[in-house]
Every structure is written in C-alpha cells, then in structure tokens.
Amino acid sequence: MEIPAPLRLRVDRDALVSNWQALDRLSGAAACGAAVKANGYGLGARLVAETLAKAGCRDFFVANWAEAQGLAPLGLTLSVLHGLRAEDLPAARAGFARPVLSTPQQIARWRDSGGGVCDVMVDTGMNRLGVSVQAVRDGLLEGLTIETLISHLACADEDVPMNGHQREAFASLKGRTGARRMSLANSAGIGLGAEYHFDLTRPGLALYGGLPRPDMAGHLRQVAWPEAQILQRRLVPAGETVGYNATWTAPADTEVAILNLGYADGYRRALSGLGAAVADGESLPVLGRVSMDLLAVDVTTRPDLAEGDWLAMDYDLATASAASGVSQYELLTGLAPRFARA
Ligand SMILES: *Cc1c(COP(=O)(O)O)cnc(C)c1O
C-alpha cells in the first residue's frame, strides 16, 4: 500500500535546463558540468542528472562512491570529489566513475591498484582537499593518466584578492601535468569571468536556482518548489493568536490555512513570520512560528482554497536566505526525505 505524501518537492525541469544553458553560455568556451552531490542538492540526484544529461551536460560531480553508484545505471561521466579511501577501491575499480585523487596516499593507492584515467584535486589556498601546488611541480603526478586537474575557489562569491591568487596558482600548472583539461570554477566562479573558466566549469547551487553572486541575477530561475497540502482552514477572530508562543495576533478576523510542512521538513523556523506561500502569483504570508510539521498562512484573500488543496511555498533562495540568515545551500540541502520528489 503506497500512502500519498502530504508534501512534495516539485522540481521545475525547464528551469533546471534553462539554468544549465545559461551557465553553459556564461562559461564561454569552457564546457559546463554539474555538481549533483548531496542528492542533487536535495532535489533528487537521478532526476537532476537525467534531465541535465538530456540537455547536453557531460560531466557530473558527486561527493562519494555511494552517490556515484546510485547514478551508475545512467551511464554518465562521473567524478567522485572525495577521492579514494581504501574502502572505495572495489567501487573505483568497477569503473563507473573516476576518483578525484587529493592526497599522495590516494595517488599511490590508485597506481598500486592498476591506475587508469583519474582526476586530481590540487589545493590552491582553500586548505580543504587537494595536493599542494609545490608537490605537483615536484612531479607527484608523473605517470598518472589525468582527465581533469581540479581546484576549488574559497571566496568566488566575493570580490577579494584571494580569487586572483588562486587563479594564478592554478594557471601556473598549465602544461605541467599532462591533464587533458583544467577546471576551477564553481557557480560563483563562473561569474568571475573568462580567466576563471579554464576548460570545464562545475556549477551546483546556480543550477538549482541559487544566486551565487548578485551580478548573475537575471540568468537564473527558481527550480525547487516545496508544496504542501492544506490540513485545515479556520477563521481566527481579531485579537486571537496563531501558533507556538502566540507570536502573531490577528489584527482583524483572518482566514488561515494550516499546511502540512514544518522545520523537520527543512522549512526553516527562521522563516517564521517571514516566509510565504504563493497562489497564482499572490503572496500568502506565513503567520507566527513555523512548527516542526506544520505552519499557518493567511488565506483571507483566497476563499477558494480548501482542506486538501495544495499550496506552493515561495522558495526564492536569495530572498529566503536574506530573510532567514540561512545560507542558500542549507535551504536546498536541508529539504528532508519526507517530501515526495517529482
Ligand atoms: C560543491 C562543489 C562544487 C559546486 O559548488 P557550487 O558553489 O554549489 O556551485 C564545485 N566543485 C567542488 C569541488 C565542490 O565541492
């Protein structure tokens, strides 16, 4: 018996494709890949990867081998950003994805197990994953068959000197590793301009409707639409309150819809009194506190909305992030398993 979920995450595939096409255009001569780690930033990795592959995307990035295995049946070109632990060797040797090697031990492990085409992460200043620029200069990668040499920008969403320093350190390795391609830019890095694009870009956030830099607005559309069913409609008389701690008091008689959605679903409590549902372009404000599994919206202007109807939440990531203080990345990846994804 399949019980229909009372909340769903609608993924606007047209918007997803349109965002990828925009990022591909902005990437100029570089190819444009897609970061689909963390279940496609919460939207559903298979759905996202399948849609983007059909649109022409050729390079997909996941964090770990289990994520790669989940996408393996699609037959895509996958790179595993978190490299190659000893535990990963059987998966890596199965050949459905390339490891992005990021330590001397991983490089040795790959060589000793037979080698083959791989990617390599080089650290240019973020001090997260990657071998050092100096180690590459000293010949650490000699003999490897490298498809893509990768580095990652720490501050691409800001205009700071560190971007240029990282770019220069990375560019200094051009022609020194035998890598077929070089890749530096994430979503925000694409917006930094042509000298950051190298051969391949790796957007994540912007594909899914996040706005990595203000100057990229106008190119990107909302992809993720949380939707929930109305469980109850009620009249709240003037002077009464709604929700935990009675933070909202009705200034006049108010029609309220209670939706099957709350912070346990990833609709953050920080959006209490700030978020809204949307119906036919009209904004229906969230009233009072967001509960664990429920929230209330004002439907006074919409007498047509009844118990059992569905409402979409306004989930413009840049706006919701500015309102709530929660990063756009967390607003996406926090959307919980209780959503039916379609
Ligand atoms: C997550 C990730 C990306 C994508 O970053 P966005 O900021 O979401 O565009 C690209 N490259 C690496 C190495 C990553 O970890």
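In this predicted model, V100 stands opposite D119 of strand β7. The pairing to which these residues belong joins strand β6 (residues 98-101) to β7 through 2 bridges, and the two strands run parallel. Between them the chain passes through helix α6 (residues 104-112), and the resulting β-α-β crossover from β6 to β7 is right-handed.

Strand β7 also has other partners. With strand β9 (residues 145-150), β7 pairs in the parallel sense over 4 bridges; within β9, L149 is the residue opposite V120. Strand β8 (residues 131-132) is likewise parallel to β7 and is joined to it by 2 bridges, with V131 of β8 as the bridge partner of V122. Strand β7 itself, which spans residues 117-123, is mostly covered, since 6 of its 7 residues are buried. In a regular strand, side chains alternate between the two faces of the sheet.

From this strand the description turns to the division of the chain. The protein is divided into domain 1, residues 33-210, and domain 2, residues 224-341. The centres of the two domains, taken over C-alpha atoms, are separated by 38 Å. Their contact takes 10 residues from domain 1 and 7 residues from domain 2.

The nonpolar interior may be considered next. The largest nonpolar core has 90 residues, and F60 and V297 are those with the most contacts inside it. Helix α3 (residues 45-55) supplies the largest share of this core, namely 6 residues. Both domain 1 and domain 2 contribute at least three residues each to this core. Leaving aside neighbours within four places in sequence, V297 is in contact with E255, V256, A257, L259, A277, L284, P285, V286, L287 and L311. A second, separate core comprises 8 residues, among them V236, W248, A250 and I258.

Helix α3 merits a closer description. Its buried residues are A45, L47, V48, A49, T51, L52 and A53. The elements that cover these buried residues include β1 (7-11), α1 (13-26), β3 (34-35), α2, β4 (60-62) and α4 (65-71). An α-helix has 3.6 residues a turn, so residues three or four places apart point the same way. After α3 comes G56, whose phi is positive, near 115°.

A53 serves as an example from helix α3. Why does A53 count as buried? Its relative accessibility is 18%, and a residue is taken as buried under 20%. Apart from neighbours within four places in sequence, A53 is in contact with R58, F60 and L76. The C-alpha atoms of A53 and A15, which are 38 residues apart along the chain, are separated by 15 Å.

The last residue to be described is K37. The unreviewed UniProt entry places the feature "modified residue: N6-(pyridoxal phosphate)lysine" at K37. This lysine is found in helix α2 (residues 37-41), and α2 is one of the elements that cover the buried residues of α3. Is K37 buried or partly exposed? With a relative accessible area of 26%, K37 is partly exposed, because that class lies between the limits of 20% and 50%. Leaving aside its neighbours within four places in sequence, K37 is in contact with F61, V62, A63, E67 and L81.

Note on methods. Residues numbered from 1 in each chain as written. Predicted model: local features only at pLDDT ≥ 70, side-chain atom pairs only at ≥ 80, totals over all residues. Heavy atoms only, no water. Core = buried A, V, L, I, M, F, W, Y, C linked by side-chain atoms within 4.5 Å. Buried < 20%, exposed > 50% of the residue type's maximum accessible area, 1.4 Å probe, protein only. Domains from an automatic or database assignment. Contact = heavy atoms within 4.5 Å. UniProt positions renumbered as here; feature names shortened; annotations may be inferred. Pairing = 2+ DSSP bridges. Right-handed = clockwise from strand over helix to strand, strands pointing away.
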